[in-house]
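Open the model in your viewer and keep the sequence panel visible. The tour goes from one selection to the next.

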Amino acid sequence: MSSKKPPKKYNAAKLGNNKRNDALLTYVLGGVAIVAIIVLIVIFVVLPNTKDTEVQAEGYGSVQEGTPVKVIDNGGVLLGDPNAPVKIDAYEDFLCPACAMFEHQFGGAINQAIDNGQMAVHYHMLDFLNKYSASGDYSTRAAGAALCVADTGDGALFSKFHSALFQDGVKPEENGSTDLSNSQLSEVAKQVGADDAVVSCIADGAKVDAAKAGAQSSMQQLSDQTGGQVSTPTVMHDGKKVNIQSADWITQLTAQ
């Protein structure tokens, strides 16, 4: 369990703006007052952050074998029973550090809710962080690889691959000197159980154009629903943004 504050979301409309969001407060305080301030910070800041960054359903793993997955017309991927009572839209970018934190914290709980028949997830794979990848198109190529996997209809395989792309040692660093080639992406798929047809699909970049079109469509969809605020990760339910800063947001949705 980590007590670190989760990374800030990425806002596509504000990328490149380095303006600080934190207000700088300056006080001249006596020693006793300073101690009191520190105690308040520990109580009201550190403790809630510790709770809200707990890994949910830790160790649960991927969805169960036999779970359906399909590619949606706009390039997204629907994982789980299409008739599940709760359907959410999850907007991610495979280069996004905050998305990796989101997957680490909530991936198991999401998969568990899918397996319980409580939830289905429409994954939207955005690519506005491309310019921060060494190749200049990593986000799109990773999304294309995910489409190759989803096309099999094997939900468990897609779930494993989706999770693997966010793992340390796999997910490239922003502004890093290197990222994964299509061949390396195909190797990740092979390691989680993909067959030769999927490996070839990824290595050949067969779904990259579809992923690019899907990313643009999904970005527009999210922008329309949020008044132009496109950021990752974002979860939407019934056209409204879900507060994923709350550790129990999945329980709140599935209890409705």
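The stops below cover one strand with its neighbours, then the salt bridges, in what is a predicted model.

**Strand 5**

Select residues 119–125, which make up strand 5; seven of its seven residues are buried. Show the side chains: Met-119, Val-121, Tyr-123 and Met-125 point one way, while Ala-120, His-122 and His-124 point the other way.

Add residues 77–79. This is strand 3, antiparallel to strand 5 and paired with it over three bridges. Leu-79 has Val-121 as its bridge partner there.

Now add residues 86–92, strand 4, which runs parallel to strand 5 and is joined to it by seven bridges. Ala-90 is partnered with Tyr-123. To follow the chain between these two strands, select helix 2 (residues 97–115); the β-α-β crossover through this helix is right-handed.

**Salt bridges**

The structure has four salt bridges. Start with Lys-160 and Glu-65, whose closest N and O atoms are 3.7 Å apart. Lys-160 is in helix 4 and Glu-65 in the loop between helix 1 and strand 2, so the pair ties together parts 95 residues apart in sequence. Lys-160 is partly exposed at 33% relative accessible area, and Glu-65 is exposed at 61%.

Next select Arg-141 and Asp-179, with closest N and O atoms 3.3 Å apart. Arg-141 sits in helix 3 and Asp-179 in the loop between helix 4 and helix 5. Arg-141 is buried at 9% relative accessibility, and Asp-179 is buried at 12%.

Finish with Lys-207 and Asp-151, where the closest N and O atoms are 2.8 Å apart. Lys-207 lies in the loop between helix 6 and helix 7, and Asp-151 in the loop between helix 3 and helix 4, so this pair ties together parts 56 residues apart in sequence.

Definitions and conventions. Residues numbered from 1 in each chain as written. Predicted model: local features only at pLDDT ≥ 70, side-chain atom pairs only at ≥ 80, totals over all residues. Heavy atoms only, no water. Buried < 20%, exposed > 50% of the residue type's maximum accessible area, 1.4 Å probe, protein only. Helix = DSSP H or I, 4+ residues; strand = E, 2+ residues; numbered from the N terminus. Pairing = 2+ DSSP bridges. Right-handed = clockwise from strand over helix to strand, strands pointing away. Salt bridge = Lys/Arg side-chain N within 4 Å of Asp/Glu carboxyl O.
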